[in-house]
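Biologist: Please take a close look at one part, the surroundings of the ligand, and set out with care what can be said about them. Once that is done, follow the chain outward to other places that help to complete the picture.

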Amino acid sequence: MLTVLSICPFGTNLKTHMKKILHIVSSPRGEESNSTLLGKSIIEKLLAQYPGSTVTVNNVVEKQYQPLQSVHVVAYRLPDDSHTQDQRIALRESNAAIAELFAADIIVISTPLYNFAIPAALKGWIDHIVRPGKTFSYQTGKVEGLLKQKEVYLAIASNGVFSDGPMKTMDHAEPYLRFILGFVGITQIATYRIEGSGIPGVMETAVQKGLESVVV
Ligand SMILES: Cc1cc2nc3c(=O)[nH]c(=O)nc-3n(C[C@H](O)[C@H](O)[C@H](O)COP(=O)(O)O)c2cc1C
């Protein structure tokens with residue numbers, strides 16, 4: 001019997017290894033959150049594909065990454081062995097977030113659309129993980145992303161419909177996330193959405209439709 005393998009977003013259905021999965025949660029709505037629900041549904045399917053995989057959750061709303069201060073931006077440009085005690089302390093959260101990323105094989109990023117972009121909590125995490133010499137490098141004269149061999153699933157929730165149609169260009173979350181993840185070396189990215197949750201006629205089936213669309 002012929003098996004069709006083309007539906008996997010990353011081009012292979014050979015699911016033989018245990019994976020380390022990192023779930024970035026950025027909605028403050030807990031159990032009510034559609035983006036978190038969608039992310040969890042992606043993870044459920046990944047766990048079925050890769051039995052024995054582990055899941056680490058980083059809730060960036062609870063984590064409250066500090067908006068970058070002078071101490072961070074100065075320290076980002078200096079080699080580790082020249083950091084002062086204050087700089088070392090200030091960089092702890094960033095170092096931990098970067099280590100968590102390097103440890104992961106698959107990253108699921110759950111995000112609401114806020115004001116046509118990502119929430120500040122998620123941007124806070126990004127500001128702590130995009131670091132010269134750590135996740136990207138200019139050493140060869142051109143930018144090189146240092147996070148290799150990662151797969152990312154974006155789980156985006158919105159009241160409007162942005163995957164297609166007249167509002168598509170108003171979504172600044174997906175293009176930005178794809179760009180910044182690419183900047184740090186991650187190019188295998190699949191997007192799923194629960195969208196139209198504020199539109200009568202669409203909202204009634206938005207969650208079900210989003211969950212059913214997930215293929216890993
Ligand atoms: C502060 C705020 C801004 C929002 N901005 C948008 C927006 O620009 N476009 C949109 O379609 N929905 C917008 N929404 C609706 C959310 O994207 C929608 O409720 C989504 O389900 C939230 O994700 P969550 O369920 O994971 O919390 C906004 C909601 C809030 C609270």
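Modeller: To sort the residues by character, Ala, Val, Leu, Ile, Met, Phe, Trp, Tyr, Cys and Pro are counted as nonpolar, Asp, Glu, Lys and Arg as charged, and the others, Gly among them, as polar. On that basis the shell around the ligand holds 6 nonpolar residues, 8 polar ones and 1 charged one. The model is a predicted one, and every distance below should be read with that in mind.

The shell comprises 15 residues in total, and the closest to the ligand are Ser27, Arg29, Ser33, Ser35 and Leu113. Two of these residues can be followed down to individual atoms, since a polar atom in the side chain of serine 35 lies 2.6 Å from an oxygen atom of the ligand, and an N or O atom in the side chain of arginine 29 is 2.7 Å from a ligand oxygen. The backbone takes part too, with a polar backbone atom of asparagine 159 placed 3.2 Å from an oxygen atom of the ligand. Of the 630 Å² that the ligand exposes when it is taken alone, the protein buries 76%. Two elements, helix α1 (34-49) and strand β6 (151-158), are the ones that contribute two or more residues to this shell.

An independent record touches the same topic. In an unreviewed UniProt entry, the annotation "binding site" covers Ser27, Ser33, Asn34 and Ser35. Two of the annotated positions deserve a closer description, beginning with serine 35, which is found in helix α1. Its relative accessibility is 1%, and serine 35 is therefore counted as buried, the limit for that class being under 20%. The side chain of serine 35 also forms a polar contact of 3.2 Å with the side chain of serine 33. If neighbours within four places in sequence are left aside, the contacts of serine 35 are Ser27, Ser110, Thr111, Pro112, Ala155 and Ala157.

Asparagine 34 likewise lies in helix α1. With a relative accessible area of 16%, asparagine 34 falls below the limit and so is buried. With the residues within four places in sequence again set aside, asparagine 34 is in contact with Arg29, Ala157, Ile194, Ser197 and Val207. Ala157 thus appears among the contacts of both asparagine 34 and serine 35, and arginine 29, a contact of asparagine 34, is also one of the closest residues to the ligand.

Moving along the chain, the loop between β3 (106-112) and α6 (120-129) contains phenylalanine 116. Because its relative accessibility is 39%, phenylalanine 116 is classed as partly exposed. Its C-alpha atom is separated by 5.2 Å from that of aspartate 171, although the two residues are 55 apart along the chain. Not counting residues up to four places away in sequence, phenylalanine 116 touches Phe162, Met167, Met170, Asp171, His172 and Ala173. Asparagine 115 belongs to the loop between β3 and α6, and with 76% relative accessibility asparagine 115 counts as exposed. Most residues other than glycine have a negative phi, and against that background the phi of asparagine 115, near 50°, deserves a check as a positive value in a residue other than glycine. Glutamine 149 also has a positive phi, near 60°; glutamine 149 is found in the loop between β5 (144-145) and β6, and is exposed at a relative accessible area of 73%.

In contrast to these exposed positions, leucine 177 is buried, its relative accessibility being 1%. Leucine 177 sits in helix α7, which spans residues 173-183, and touches Thr111, Ile118, Leu122, Ile126 and Leu154 when residues up to four places away in sequence are not counted. Thr111 is therefore listed as a contact of the buried residue serine 35 as well as of leucine 177.

A last buried position is histidine 83, located in the loop between α3 (70-76) and α4 (85-90), with a relative accessible area of 7%. The side chain of histidine 83 has a polar atom 2.9 Å from the backbone oxygen of alanine 75, and reaches the backbone oxygen of leucine 78 at 3.3 Å. Both of these partners recur in the contacts of histidine 83 outside its neighbours within four places in sequence, which are Ala75, Leu78, Arg88 and Leu91.

Definitions and conventions: Residues are numbered from 1 along each chain as its sequence is written. This is a predicted model: local features need pLDDT of at least 70, side-chain atom pairs count only at pLDDT 80 or more; totals for chains, interfaces and linings use all residues. Side-chain values use heavy atoms; hydrogens and water are left out. A residue is near a molecule or strand if one of its heavy atoms lies within 4 Å of it. A polar contact is a pair of N or O atoms within 3.5 Å; within protein, one must be able to donate a hydrogen and the other to accept it, and residues adjacent in sequence count only if both atoms are side-chain atoms. Accessible areas come from the Shrake-Rupley method with a 1.4 Å probe; for residues, only the protein chains shown count as cover. Helices (H or I, at least four residues) and strands (E, at least two) are DSSP runs, numbered from the N terminus. UniProt positions are given in the numbering used here, feature names are shortened, and annotations may be inferred rather than shown by experiment. Buried means under 20% relative accessible area, exposed over 50%, partly exposed in between (1.4 Å probe, protein chains only). Contact means heavy atoms within 4.5 Å.
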